[in-house]
Amino acid sequence: MVLQDVMIILAMTFPMFLFTIYPAIRVANFLEERYEISEAKKRAAMVSVTFLCAVCLSSLLHFL
């Protein structure tokens, strides 16, 4: 049952990317302005925040 839940959450993650791209861009821009990070680190932060937020949103939708 646990593997099935994980697969459903990962399948729901891809549509959630549409809702989490804008907040990730805002977070990356804030980090660039505040801490003067490089462009490569800004892109890495944007991708990681997008994925983490999408997984969190998907798991909340699945379990609530």
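**Questions on a chain with two helices**

The accessible surface of the chain comes to about 5,000 Å², and carbon and sulfur atoms account for 72% of that area. The model is a predicted one.

Reader: How many helices and how many strands are in the chain?
Author: Helix α1 covers residues 2-35 and helix α2 covers residues 39-63. The count for the chain is 2 helices and 0 strands.

Reader: What radius of gyration does the chain have, beside that of a compact globule of 64 residues?
Author: The C-alpha trace spans about 45 × 15 × 15 Å along its principal axes. For a compact globule of 64 residues, a radius of gyration near 11 Å would apply. The chain has 14 Å.

Reader: What share of the contacts with a separation of 6 or more comes from residues 24 or more positions apart?
Author: The chain consists of 64 residues, and buried residues make up 17% of them. Among contacts with a separation of 6 or more, the share from residues 24 or more positions apart is 74%.

Reader: Which element gives the most residues to the nonpolar surface patch?
Author: The patch measures about 700 Å² and is made by V2, L3, V6, M7, L10, F51 and L52. Two elements, α1 and α2, each give two or more residues to the patch. With 5 residues, the element that gives the most is α1.

Reader: Is L3 buried or exposed?
Author: L3 lies in helix α1 and is one of the residues that make the nonpolar patch. Exposed means a relative accessible area over 50%. The relative accessibility of L3 is 64%, so L3 counts as exposed.

Reader: What kind of aromatic pair do the rings of F14 and F17 form?
Author: The structure holds 1 aromatic pair. The ring centres of F14 and F17 are 5.9 Å apart. Their planes stand at 70°, so the pair is edge-to-face.

Reader: Where do F14 and F17 lie?
Author: F14 is exposed, with a relative accessible area of 59%. F17, at 23% relative accessibility, counts as partly exposed. The two residues are 3 residues apart, about one turn of the helix, and both lie in α1.

Reader: What is the relative accessible area of E36?
Author: E36 lies in the loop between α1 and α2. Its phi is near 55°, a positive value in a residue other than glycine. E36 is exposed, and its relative accessible area is 69%.

Methods:
Residues are numbered from 1 along each chain as its sequence is written. This is a predicted model: local features need pLDDT of at least 70, side-chain atom pairs count only at pLDDT 80 or more; totals for chains, interfaces and linings use all residues. Side-chain values use heavy atoms; hydrogens and water are left out. Patches are made of residues with over 30% relative accessible area and no salt bridge: like charges are joined within 9 Å, nonpolar side chains (Val, Leu, Ile, Met, Phe, Trp, Tyr) within 5 Å. Accessible areas come from the Shrake-Rupley method with a 1.4 Å probe; for residues, only the protein chains shown count as cover. A salt bridge is a side-chain nitrogen of Lys or Arg within 4 Å of a carboxyl oxygen of Asp or Glu. Helices (H or I, at least four residues) and strands (E, at least two) are DSSP runs, numbered from the N terminus. Buried means under 20% relative accessible area, exposed over 50%, partly exposed in between (1.4 Å probe, protein chains only). Rings of Phe, Tyr and Trp (its six-membered ring) pair if their centres lie within 6.5 Å; planes under 30 degrees apart count as stacked, over 60 as edge-to-face and the rest as tilted. The radius of gyration is taken over C-alpha atoms; the globule rule is 2.2 Å times the number of residues to the power 0.38. Contact means heavy atoms within 4.5 Å.
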